[in-house]
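These exercises go through the fold of one protein step by step. Try each task with the structure open, then read the solution.

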Amino acid sequence: MDRLIIINFRKHEMAVLFKVVLVTLSLTYMLSHITEPVYGKNLNDGVASISCMGPVGGKPVIYLHGMDVPSLSKTEQQTRKVLQHLAANQRLRIALPRSARSCRRLPQKRCWNFGRSMAAKVYQDVVASARNCFLEKDFLLLGHSEGGYYVSKLVQFCIPHQARAIIAIGSAGSFHVSDPQQLKNCGKLYLLIGDREITRPKTDRYYHHLKKLGASVSLQEFSGGHIVPQLPLEKLIQTLK
């Protein structure tokens with residue numbers, strides 16, 4: 001009788017333990033997919049608000065959106081689905097700042113790039129806002145479209161930065177004779193471009209120009225157009241861990 005009671009008690013213990021493990025795994029999975037509420041408004045001159053995605057303690061990443069309306073556009077909503085997948089699969093902690101600055105030619109939209117004179121200030125604003133999501137100084141910096149155009153400028157203008165690597169997606173930079181002509185120690189830049197992207201030929205010229213100036217830059221092509229590609233980006237991030 002006593003033996004039967006002990007066996008039943010142990011079965012109950014195992015059942016409770018299994019439920020605890022299951023709940024813990026479920027919560028971990030859910031937290032990695034949740035985008036946390038927006039932190040504050042007008043955090044600084046350049047960032048209107050920021051939200052965080054992925055598990056606390058995950059590898060830090062900052063993502064800069066393309067030219068966008070003040071609210072989240074359908075394009076960015078789709079991009080966030082890709083980022084949610086990456087946050088879960090690669091255990092990333094992603095900071096998602098929203099620009100506070102109006103685009104020069106389209107004031108109803110928000111941009112990041114305002115030329116060489118503003119590049120360092122924009123970077124400082126972005127990094128300061130990302131402290132709401134993580135405190136690490138060693139992070140990946142991603143940008144898509146206009147956001148990609150801006151992040152590539154940190155290398156092109158040789159702006160001091162803390163990014164372990166910079167990934168510019170779906171963008172092609174321009175250059176000027178007054179830009180720095182030596183980019184040997186200005187950071188690592190990865191250009192990720194679709195084979196059906198309208199700026200594909202321009203991206204190729206930009207890559208060769210930076211390479212000629214000694215920049216640490218690579219160009220990777222994927223099948224697609226003006227999107228943030230899930231699988232190619234995931235593979236690239238894996239190589240940078």
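**Exercise 1: The neighbours of β6**

In strand β6, the residue that pairs by a bridge with I167 is Y190. The model is a predicted one.

Task: State how many bridges join β5 to β6, and which way the two strands run.

Solution. Start from strand β5, which covers residues 163-169. Four bridges link β5 to β6, and the two strands run parallel.

Task: Find how many bridges join β6 to β7, and name the bridge partner of K188 in β7.

Solution. Strand β6 spans residues 188-194. Seven bridges connect β6 with β7, and this pair is parallel. At K188, the bridge partner in β7 is S216. Further along, G194 stands opposite F222 of β7. Between β6 and β7 the chain passes through helix α5, residues 200-212, and this β-α-β crossover is right-handed.

Task: Decide whether β6 is mostly covered or mostly open to the outside.

Solution. A residue is called buried when its relative accessible area is under 20%. Six of the seven residues in β6 are buried, so by this cut-off the strand is mostly covered.

**Exercise 2: The whole sheet**

Task: Write down the strand order of the sheet and name its edge strands.

Solution. The sheet is open and has seven strands, in the order β1-β3-β2-β4-β5-β6-β7, with mixed pairing. Its edge strands are β1 (47-53) and β7 (216-222), each of which pairs on one side only. From one strand to the next, the twist averages 20 degrees.

**Exercise 3: Helices on the sheet**

Task: Which strands does helix α4 lie across, and which strands does helix α6 touch?

Solution. Take helix α4 first, residues 146-156. Helix α4 lies across β2, β4, β5 and β6, and runs at about 130 degrees to β4. Helix α6, residues 230-240, packs on the sheet and touches β3, β4, β5, β6 and β7. The direction of α6 makes about 165 degrees with that of β5.

**Exercise 4: The protein as a whole**

Task: Give the number of helices and strands, and the pattern they follow along the sequence.

Solution. There are six helices and seven strands. Read along the sequence, the pattern is α-β-β-α-β-α-β-α-β-β-α-β-α.

Task: What share of the residues is buried, and what share of the exposed area comes from carbon and sulfur atoms?

Solution. Of the 241 residues, 47% are buried. The protein exposes about 12800 Å², and carbon and sulfur atoms supply 59% of that area.

Methods
Residues numbered from 1 in each chain as written. Predicted model: local features only at pLDDT ≥ 70, side-chain atom pairs only at ≥ 80, totals over all residues. Heavy atoms only, no water. Pairing = 2+ DSSP bridges. Axes fitted to C-alpha atoms, helices over the stretch in contact; angles between N-to-C directions. Contact = heavy atoms within 4.5 Å. Buried < 20%, exposed > 50% of the residue type's maximum accessible area, 1.4 Å probe, protein only. Areas by Shrake-Rupley, 256 points an atom, 1.4 Å probe, with all protein chains shown as cover. Right-handed = clockwise from strand over helix to strand, strands pointing away.
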